[in-house]
Amino acid sequence: MRTSPEKYTTTAIVLHWLLALFFFAALPLGLYMHDLPFSPARLHLYSYHKWLGVSAFLLVVLRVLWRATHRPPALPQWTPAMQKIAGGVLHALLYVLMIAIPLSGWLMSSAKGVQTVWFGVLPLPDLLAKDKVLGDFLAAFHRLLNYTLIFLLLGHVGAALKHRFFDRDEIFSRMLPWSRR
Amino acid sequence: MKFFRLILPLCLLPAIPASAVEYNQLQVGESSVAFGYRQMGVPMEGRFARFSAQLSFDPVRIAAAQARIQVNLASIDTGSLDANDEIQGKKWFNTKTYPEAVFVSSGLKSLGGNRYQASGKLSLKGKTFDVLAPVTFQSSGNRGVFDGAFNIKRLDYAIGEGEWTDVATVADEVRIRFHLVVNAVAAKK
């Protein structure tokens, strides 16, 4: 019998940490930029934020495909049922938000009449026609989704650290890029 | 007699269009003055809600054609709500001091068919430059439609000063497009 759970695949680990980087860049950027006065700096930061969002969305698509075709390592047998359910629900919600947040940003851009052009080069189709009311609604929705994400990420990171430093089990190291052994 | 019944109307027919038709009544509601530009590589579309024009155009006497077009700059929609307040300010149009843009034609030449080239002077924010614009003209009955477009460089007119002179943020080139519906009245003899 195995004493330690099997790790995630290298691809899953790389996608997890890359997306973590993207979200830790795009989230504070989004929080900061929306209060800026209209200026070249604001226009630049909005563009960078959108480019990050499109890139993150592509990684999320890859990640969902990978996750759908590769079973994650099983949780240790001693994991309490409540923790299994809580972990499963939290992970599912994180996936939903990772998809919904970039999409809502893209739709918001279309409704606001500012097309998303990836890296200033590749135009993404506008999925919605320009509409101020819809644009304002999507902006509020995008913000709500992101506050929800921040809240869930606190739980996600908190749970990971709890496993690492309180439970001292192998749950966290399954997603670490380096092996503990 | 049969000869005259055929010939008489034919003789009279050219007499009707020969009384020159002058297109000179701008139909503001059906016309538009719009523009396109790039902001961070993103194509943006804007328009002006208020403008007026004094035009006279007779397809058989194009040398006499004249146009003066005034655009109310405060009526701008830049395509982005964020930008609409900013653009009224001193760094952009400075609409308090320079409320309108004026185009005054200096000539029109035929490029064959329904295509023409209009030349004139565009005054904006206290600066005046020559512009050339290809124009097409289409008419049905007494309704004439002019369509044309030309490019200007916003920095020529000091549109966007200070930090806004950065053309990587807002491109220098702005494409102005006009669609003018102009009705005709028979010219006075």
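The following exchange goes through salt bridges, one strand and the chain interface of a predicted model.

Mentor: This is a predicted model, in which local features need pLDDT of at least 70 and side-chain atom pairs count only at pLDDT 80 or more, while totals for chains, interfaces and linings use all residues. Residues are numbered from 1 along each chain as its sequence is written, chains are lettered from A and ligands numbered from 1 in the order in which they are written, and side-chain values use heavy atoms, with hydrogens and water left out.

Trainee: What makes A:Asp167 and A:Lys162 a salt bridge?

Mentor: The term requires a side-chain nitrogen of Lys or Arg within 4 Å of a carboxyl oxygen of Asp or Glu. For A:Asp167 and A:Lys162 the N to O distance is 2.8 Å, so the pair qualifies. Over all chains the structure holds eleven salt bridges.

Trainee: Why is B:Asp58 called buried, and what is B:Arg61, its salt-bridge partner, called?

Mentor: Buried means under 20% relative accessible area, exposed over 50%, and partly exposed in between, with a 1.4 Å probe and protein chains only. B:Asp58 has 5%, so it counts as buried. B:Arg61 has 45%, which means partly exposed. The closest N and O atoms of B:Arg61 and B:Asp58 are 3.5 Å apart.

Trainee: What makes B:Arg143 and B:Glu30 a link between distant parts of the chain?

Mentor: Their closest N and O atoms are 2.3 Å apart, in a salt bridge. Yet the two are 113 residues apart: B:Arg143 is in strand β10 (residues 143–153) of chain B, and B:Glu30 is in the loop between β1 (21–26) and β2 (32–39) of chain B. Strands here are DSSP runs of E with at least two residues, and helices are runs of H or I with at least four, numbered from the N terminus. B:Arg143, at 32%, is partly exposed, and B:Glu30, at 41%, is partly exposed too.

Trainee: How do you know that β2(B) and β3(B) pair?

Mentor: Two strands pair if DSSP finds at least two bridges between them. β2(B) and β3(B) have seven, in the antiparallel sense, so they pair. They form a hairpin with two residues between them, and B:Met40 in the turn has a positive phi of about 55°.

Trainee: What does β3(B) pair with besides that, and where does B:Arg47 stand?

Mentor: Two bridges join β3(B) to strand β6 (residues 76–77) of chain B, running antiparallel; the definition asks for at least two, so this is a pair. B:Arg47 stands opposite B:Asp77 in β6(B), and B:Arg47 is also the bridge partner of B:Ala34.

Trainee: Which residues of β3(B) make up its covered face?

Mentor: B:Val42, B:Met44, B:Gly46 and B:Phe48 do, while B:Pro43, B:Glu45 and B:Arg47 form the uncovered one. In a regular strand the side chains alternate between the two faces of the sheet.

Trainee: How do you know that chain A and chain B touch, and what area is buried between them?

Mentor: Contact means heavy atoms within 4.5 Å, and 16 residues of chain A are in contact with 18 residues of chain B. Buried area is the accessible area (1.4 Å probe) that two parts lose on being put together, summed over both. Here the value is about 1400 Å², of which carbon and sulfur atoms give 66%. A:Phe38, A:Pro40 and A:Leu43 lose the most area in chain A, together 40% of what that side buries.

Trainee: What makes B:Asp82 and A:Arg42 a salt bridge?

Mentor: Their N to O distance is 2.9 Å, and the cut-off given earlier is 4 Å, so the pair qualifies. The rule finds one salt bridge across this interface.
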